[in-house]
Amino acid sequence: MATAGLRERKKRQTRDALISASMRLFVTQGFEATTVDQIADAAQVSPRTFFRYFAAKEDVLFDDFEAEVDRWEAALLARPRGESLGAALREATLAIAEPFSSDEHRRDAQRFAEIRFELVASSPALARRSLEFDGRAQERAAVAIARLLGIDLDSDLRPRIVAAAAMAAVWTATRLWHQSDQDRPLTAVVREAYDLLEHLEEVLAIPLSRLP
């Protein structure tokens, strides 16, 4: 067991070194100009080692995304029976956002997110990868919601609509949080986004104002 634990720590250290080296190079010379060979050299490993951890350099920026979706899905499916769907979605998302409220993690998360936002905005390849991930995450959320509600995803639009709305609310709140001075914890911003989502019907009922 000790040997297995040491092996896992070394693998985590190597992955972290590759991520750190990638981010430094992406910032200093741009994503498109950075090669896998350069990343591997900066992390003091071989390119072959890089590909044991990442299929492509694009994947470095989205390393944590799949794991976060896994945690969110598990948290959602573990919510108690009888709880409203809105409350279940909110609490599952807050469980994922909670670690980002600590000062130490907040600084690291903010810097990483800022770099990722800038790179995705400037790179068509990263923009495509981001859209691919968002689509997969939204579909997984819809499947989980349909399962909780006991309805057929293929014949009922509601799970996909709710999943899309919830993801949009959280994505918008998170982006604004990263762009702000972050006086409030991320959990407070996420909670506010879900509060607004639950009252979206009231917003949609507001009469339009005619422009002068």
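This report walks through a predicted model of one protein chain, from its overall build to its charged pairs, its cores and its surface.

**The overall build**

Let's start with the big picture. The protein chain has 11 helices and zero strands, so if you read the elements from the N terminus on, you meet α after α, right to the end. Its C-alpha atoms fill a box of roughly 60 × 55 × 35 Å along the principal axes. Of the 212 residues in the chain, 36% are buried. Now take the contacts with a separation of 6 or more: 63% of them join residues that sit 24 or more positions apart.

**Charged pairs**

Side chains of opposite charge can pair when their charged atoms come close. How many salt bridges does this structure hold? There are 15. Here are three of them, with the distance between the closest N and O atoms in the first and last rows, and the N to O distance in the middle one.

| Pair | Distance |
|---|---|
| Glu8 and Lys11 | 3.8 Å |
| Asp59 and Arg129 | 2.3 Å |
| Arg140 and Glu73 | 2.9 Å |

Take Glu8 and Lys11, which form a salt bridge. They are three residues apart in helix α1 (residues 2-29), so about one helical turn separates them. How open is each one to the outside? Glu8 is partly exposed, with a relative accessible area of 46%, and Lys11 is partly exposed too, at 40%.

The side chains of Asp59 and Arg129 also meet in a salt bridge. Asp59 belongs to helix α4 (residues 58-61) and Arg129 to helix α8 (residues 124-149), so this pair ties together parts that are 70 residues apart in sequence. Arg129 counts as partly exposed, with a relative accessibility of 24%.

Then there is the salt bridge between Arg140 and Glu73. This pair also links distant parts of the chain, with Arg140 in helix α8 and Glu73 in helix α5 (residues 65-77), 67 residues apart. Arg140 is partly exposed at 24% relative accessibility, while Glu73 is partly exposed at 21%. These two have company: salt bridges that share partners join Glu66, Asp70, Glu73, Arg136 and Arg140 into one network.

**A look along helix α8**

Helix α8 has come up twice, so let's give it a moment. It has 26 residues and spans 37 Å from its first C-alpha to its last, close to the 38 Å expected at 1.5 Å a residue. Which residues of α8 are buried? Among them are Ala125, Leu126, Phe133, Ala137 and Ile145. Right after the helix comes Gly150, whose phi is positive, near 70°.

**The nonpolar cores**

In soluble globular proteins, nonpolar side chains tend to be buried together. In this model, the largest nonpolar core has 25 residues, and those with the most contacts inside it are Trp72, Leu76, Leu89, Val190 and Tyr194. Which elements give two or more residues to this core? They are α5, α6 (85-97), α8, α9 and α10 (186-198).

Tyr194 is a nice one to click on. If you leave aside its neighbours within four places in sequence, Tyr194 is in contact with Leu89, Arg90, Thr93, Ala166 and Val170. Apart from the largest core lies another core, of 24 residues, with Leu18, Ile19, Phe26 and Leu61 among them.

Ala169 is worth a stop as well. It lies in helix α9 (residues 158-179). Is Ala169 buried or exposed? Its relative accessibility is 16%, so it counts as buried. Ala169 and Leu196 are 27 residues apart in sequence, yet their C-alpha atoms are 8.5 Å apart in space.

**The outside**

Finally, the surface. The protein chain exposes about 13,200 Å², and carbon and sulfur atoms supply 56% of that area. Which residues make a nonpolar patch there? Leu200, Val203, Leu204 and Ile206 do, and their patch covers about 390 Å². One of these, Leu204, lies in helix α11 (residues 200-204). Leu204 is exposed, because its relative accessible area is 68% and the cut-off for exposed is over 50%.

Notes
Residues are numbered from 1 along each chain as its sequence is written. This is a predicted model: local features need pLDDT of at least 70, side-chain atom pairs count only at pLDDT 80 or more; totals for chains, interfaces and linings use all residues. Side-chain values use heavy atoms; hydrogens and water are left out. A salt bridge is a side-chain nitrogen of Lys or Arg within 4 Å of a carboxyl oxygen of Asp or Glu. Helices (H or I, at least four residues) and strands (E, at least two) are DSSP runs, numbered from the N terminus. Buried means under 20% relative accessible area, exposed over 50%, partly exposed in between (1.4 Å probe, protein chains only). A nonpolar core is a set of buried Ala, Val, Leu, Ile, Met, Phe, Trp, Tyr and Cys residues joined through side-chain atoms within 4.5 Å. Contact means heavy atoms within 4.5 Å. The expected span of a helix is 1.5 Å times one less than its number of residues. Accessible areas come from the Shrake-Rupley method with a 1.4 Å probe; for residues, only the protein chains shown count as cover. Patches are made of residues with over 30% relative accessible area and no salt bridge: like charges are joined within 9 Å, nonpolar side chains (Val, Leu, Ile, Met, Phe, Trp, Tyr) within 5 Å.
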